[in-house]
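User: Hi! I'd like to learn how to read unusual backbone geometry, metal sites and pockets in a model. Could you walk me through one example?

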Amino acid sequence: MTSQTLHDVRFSEPPRTRNYLNVDYGVFSWLLTRDHKRIGILYLISVTTMFFVGGFFAFMMRLELLTPEGDLLTSDTYNKFFTLHGIVMIFFFLIPAIPGALGNFILPIMLGAKDLAFPRINLLSWYLYTIGAIFGVYVIVTGGVDTGWTFYTPFSTQYSNTKVFATTLGAFITGFSSILTGLNFIVTTHRMRAPGLTWFRLPLFVWSMYATSVIIMLATPVLAITLVLLMVERTLGVGIFDPTIGGDPVLYQHLFWFYSHPAVYIMILPAMAVISECVAAFTRKRVFGYTFVAYSSLAIAFLSFLVWAHHLFVAGISLYSAMIFSFASMLVAVPSAIKIFNWTATMYHASVSWQTPMLYVMGFIGLFTIGGVTGLFLGALGIDVHVHDTYFVVSHFHYIMVGGTVMAYLAGIHYWWPKITGRMYPEWWARLSALLVFVGFNLTFFPQFIVGYVGMPRRYHAYAPEFQVLNVLSTAGATVLAVGYLLPMIYLIWSLFYGRKAGSNPWGAVGLEWATTSPPPLENFHETPVVTWEAYDYPAFLKAMRETQHV
Amino acid sequence: MSDITVDSREETPHAHHHHPFLQHHFEDLGQQHEASTLGMWVFVAQEILFFGGIFAAYAIYRTMYPEAWSAGAHHQNWFIGAVNTAVLIGSSLTMALAVWAAQTSRRMLTVWMLLATLILGSIFVGVKGYEYYDHIHHGLLPGQSFTYVHAENPALTPGIQLFMVFYFSMTGLHALHMIVGAGLLLWFMYRAWRGDFGPEYYAPVEIMGLYWHFVDIVWIFLFPLLYLSH
Ligand code: HEM
Ligand SMILES: [Cu+2]
C-alpha cells in the first residue's frame, strides 16, 4: 500500500477539546441547531417519547384481550386504540427511529464529513416530524381515529366520524420529514465522502441507509399524493375512490401499498444497517461477502416496489395478478436471506464477544428469520387466503418490525451510546434487559401465530373463549416486554451521570466514528480523515493497533 | 483500489478560499454546488413520483370511462389552455436567461429576468383562477355544489364529476407548486439585487431553474390530458 506516508487518523489519540454537547447549553442552541449530532439527539428523544405513547395503547389492548369478553374497552375505543397504536408506532416511531436518531448521528461521521449536505433541511425535517407528531397527539386527546393505520376507503372518506383528516394530514407532513432525511442521506453519500473513501470502502451501514433513502424518495411521495386524494375526498364529499361516482376503493389499496410495502423495507433496512456494523465489531472480522451484503440492500430496494399487491390477495384482484405478485413476493426473500447467511457466516469460527449489542444482534437474526419465513407463508397465495386478517399476520409483522427492527435499534443505541454520550452503559443491566426483551417478545408473539392460525381474527376486542389461554400468555409476555423496554430508559439516563467514561474506541472497532473523540467535537474530526483502508479491515487494524501501542 | 484518490480539496488551504457563501461543512464551492444540484435532482425525482400517483390513477379511469373523460375535456377551453401553456413556456425561457445572467454576473439582468418569470407565472396562476371561477359558476366543482348534468347523456354525469375531481386536484397541485415557486423567485430576486451571485456562486438560481422547469413540464403533460383528450 502506498499509504505508509499518510497519517492514519485511527491510531493517533485525538486531542480533547470542546465537544458537540458542551459547546453550548442554551435551549435555543438545541432547538435551532444545525449540527447533525444534536438533531440526531432531538430525534432520539422524540421517537422514544412516541414509542412509549404507542406502547401505552398496545398495553391497554393486551389488557383488554386478557379475557374473551369485551369488558375493559368498548369496541369503539378498541378500534381507536389499535389505530392509534399502529399510526404512532409506524409513522412516528419505527420509520424515523433508526434513520432519524442513529443515521443522523453516525452517517456523516462514517463518511468523514463535517455534517450532512443540507443541515438546515435536516433541522426542518425534525420540525416537520414534530408538527406531524403534534397532529397525532392532537388527535389522541380530542377523541382519536378508528380507521386502522391503513386508512382504507370508503370507510375513511365517507363513514368514519373520527378525526381522519387531522391524522392523515399529520402522516402527510411526517412523510415529508422522511423525504428530507432521505434526500440528505443520498446527497451526502454521493458528495461528502472523505478523500479515499470509495463506494466499496463504505461501511455496510451506509449502503443500507442509502438503499433506505432511495425507497423513501420513491415511495413516500406516492403515499403523500394518496393521502392528499383521501383528504380531498373527505373534504368535498366525493372523490376518486368514491364508488358512487364510479371511483374504485381498491385503487386506494393499491396506491397505499405501493408505498407501504416498500415502507416495511424503510423500517427493516436501517435495522440491517445496524446489524452489519455490530456483527463486524463484535466478531472482529470483515463481514463475510461484503459486496453481496452491499448489493442485496439495493436489490431489496428494487424488489420492494414489485410486490405490493400481496396485501390485496382477498381484495378482489384477479387471480392472474395475484399469482404474479405471489411469485414476486418470494423473490424479495432472497436478498434478505443473503444477509442473514452472510452475518451467520461472519460469526463462524470467530471469537465473538457477547456484549449487549451482540445479544440484540442474535435476537434480531433469530426473530427476523421467523418473521421472514412466515412472510413467505403469507406471500403464498393459498395460505394467505386462509390466514389473512388473523393474528397470524399480526404476529408476522411484529416479528419483523419489533423482533427485527426494534431489536436492532436497541443494539445500535447500546453500540453507539459511548460515542454519543461519552459514557458506558452498565453492562449487566443491559444484558438483563436484552434477555427480558427477547423472552418477553417471544412470549407475546409466538402464541399469536398459533391463535391466528386456528382462526382468531385481528382487530376485535372480544374473542371466542377457546382462544383465552394463548391470549393470557401473550399478555403476560407483553408485561415482561414492557419491563425490558423500561429498564434501558432508567439505566441509560443513569449512565449519563454515573456511567464509566468511554474512550474514543471502547469496542476496538474500525469505523471512522471510532477514530474521533467520544463525544465527537463540533465538526466531527480535528482534521479531515484520509481513508486508505478497506471496510472492516480488522486483521490489519488489529496488527497496527498492537504496533502503535508498542511505540 | 489502494491508491488514494487525489483530492483537490487538500491543495486549497481553507483560508485561501473563503467565499462568503461557502458553508462551513463543505470544502469548497464546487462541492457545495454539486451537492445542491444533486439535491434538487433527487427532489425532482420525488416530485415525479408524487405526481406519478395521480397520473396513474388518471390513466386507469380514463381507460374505464373514455366517454365521460372526453365529455369532461370538452368543458375545458382549449384556447385559454394553449395561451397559458405559451405563457408558461415563456417563463421557462426567462428563467433560463436568469440563470445565465447570474452566472455571468449581470446583476440587474438577473433581477429583471427573475421578475419576468414571476410575472409570467402569476399570469398563469391568474388565468387558472379565472378558469376555476368559470367552472364553479357552471356547477362543475365536485361535491355538494356539483349541479351540472350532461344534457345529451345524463348517465355520463357521475363520470364527468370524477373527471373534474382529477381536473381540480391535478391543476390545483400544479398551481400550488407555482405559488411556492413564486415565493422562491421573490427571495432570489432580492438576493440577486443584493449582488450575491456570480460565476463562482450561482447554484441557488440554477436549482430554482430546475424546479421551475420541472413544474412547467408537469403542465406540458397536464394540458393535453385535461384539455385535448376528446
Ligand atoms: C420476506 C419478506 C416478506 C414477505 C414475503 C411478506 C409478506 C407479507 C404478506 C403477504 C402480508 C399480507 C398478509 C395479509 O394481510 O394477509 C404481509 C403483511 C405485513 N407485513 Fe410482511 N412480508 C415480508 C417482510 C416484511 C417486513 C420486512 C416487514 C416490516 C418491516 C413487514 C411488515 C408487514 C406488515 C406491517 C404487514 C401487515 C400490514 C397490515 O395489514 O396492517 N413484512 N407481509
Ligand atoms: Cu408487503
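Analyst: Happy to, and please keep in mind that this is a predicted model. Let's begin with burial: a residue counts as buried when its relative accessible area is under 20%. At 0% relative accessibility, Asn524(A) therefore falls in the buried class. Its backbone deserves a look too, since phi of Asn524(A) is near 75°, a positive value in a residue other than glycine. Asn524(A) sits in the loop between α15 and α16 of chain A.

User: Which other residue has a positive phi although it is not a glycine?

Analyst: That is Phe151(A), with a phi of about 50°. Phe151(A) belongs to the loop between α4 and α5 of chain A, and with a relative accessible area of 0% it is buried.

User: While we are on the backbone, which peptide bonds into proline are cis?

Analyst: Omega is the angle to read here. The bond from Thr153(A) to Pro154(A) is cis, with omega near 0°, and Pro154(A) lies in the loop between α4 and α5 (155-159) of chain A. The bond from Ser518(A) to Pro519(A) is cis as well, with omega near -15°. Pro519(A) is found in the loop between α15 (468-498) and α16 (538-550) of chain A.

User: On to the metals. Which residues coordinate the copper ion (ligand 2)?

Analyst: For a metal site, list the donor atoms and then ask where they come from in the chain. The copper ion (ligand 2) is coordinated by ND1 of His261(A), NE2 of His310(A) and NE2 of His311(A), at 1.9 to 2.0 Å. The sequence spacing of these donor residues is H-x48-H-H. His261(A) is in helix α8 (residues 249-283) of chain A, while His311(A) is in the loop between α9 (290-303) and α10 (319-347), so this pair ties together parts that are 50 residues apart in sequence.

User: Are His261(A) and His311(A) buried or exposed?

Analyst: They fall into two classes. His261(A) is buried, at a relative accessible area of 6%. His311(A) has 24% and is partly exposed.

User: And what is the protein donor of the iron atom of ligand 1?

Analyst: The only one is His396(A), through NE2 at 2.2 Å. His396(A) is part of helix α13 (residues 391-421) of chain A. The iron atom of ligand 1 and the copper ion (ligand 2) are 4.4 Å apart.

User: What else surrounds ligand 1?

Analyst: Beyond the metal, look at the neighbouring residues and then at the polar contacts. There are 20 residues around ligand 1, and those that come nearest are Trp149(A), Val264(A), Asp384(A), His388(A) and His396(A). In the side chain of His388(A), an N or O atom is 2.5 Å from an oxygen atom of ligand 1. Trp149(A) has a polar side-chain atom 2.9 Å from an oxygen atom of ligand 1, and for Arg458(A) the corresponding separation is 3.1 Å.

User: Now the open spaces. How should I describe the largest pocket?

Analyst: Give the volume, then the lining, then the elements that supply it. The largest pocket has a volume of about 1700 Å³. It is lined by 45 residues, with Ile121(A), Leu124(A), Met40(B), Phe43(B) and Leu184(B) the closest to its centre. Elements giving two or more residues are α4 (119-141), α6 (164-191) and α7 (204-236) of chain A, together with α2 (29-64), α6 (157-194) and α7 (203-228) of chain B. The largest share, 13 residues, comes from α6(B). By class, the lining has 34 nonpolar, eight polar and three charged residues.

User: Which residues lie nearest the centre of the second largest pocket?

Analyst: Some will be familiar: they are His311(A), Leu378(A), Val393(A), His396(A) and Phe397(A), out of 49 lining residues. This pocket holds about 1300 Å³ of space. α11(A) gives the most to its lining, with eight residues. The lining divides into 28 nonpolar, 16 polar and five charged residues.

User: Finally, how many cavities of 30 Å³ or more are there?

Analyst: A cavity differs from a pocket in that the probe fits but cannot get out. The count here comes to eight. The largest cavity has about 150 Å³ of space, and among its 19 lining residues Pro203(A), Val510(A), Gly511(A), Leu512(A) and Tyr536(A) are the closest to its centre. That lining has 14 nonpolar, one polar and four charged residues.

How values were computed. Residues are numbered from 1 along each chain as its sequence is written. Chains are lettered from A and ligands numbered from 1 in the order in which they are written. This is a predicted model: local features need pLDDT of at least 70, side-chain atom pairs count only at pLDDT 80 or more; totals for chains, interfaces and linings use all residues. Side-chain values use heavy atoms; hydrogens and water are left out. On a 1 Å grid over the protein atoms alone, a cavity is a set of points where a 1.4 Å probe fits but cannot get out, and a pocket is an open set with protein on both sides within 12 Å along at least five of seven lines; lining residues have an atom within 4 Å of a point. Grid points are joined across faces, edges and corners, and a volume is the space filled by probe spheres set on the points. Ala, Val, Leu, Ile, Met, Phe, Trp, Tyr, Cys and Pro count as nonpolar, Asp, Glu, Lys and Arg as charged, and the others, Gly among them, as polar. Donors are N, O and S atoms within 2.8 Å of the metal (3.2 Å for Na, K and Ca); water is not among the atoms, so sites may look incomplete. Helices (H or I, at least four residues) and strands (E, at least two) are DSSP runs, numbered from the N terminus. Buried means under 20% relative accessible area, exposed over 50%, partly exposed in between (1.4 Å probe, protein chains only). A residue is near a molecule or strand if one of its heavy atoms lies within 4 Å of it. A polar contact is a pair of N or O atoms within 3.5 Å; within protein, one must be able to donate a hydrogen and the other to accept it, and residues adjacent in sequence count only if both atoms are side-chain atoms.
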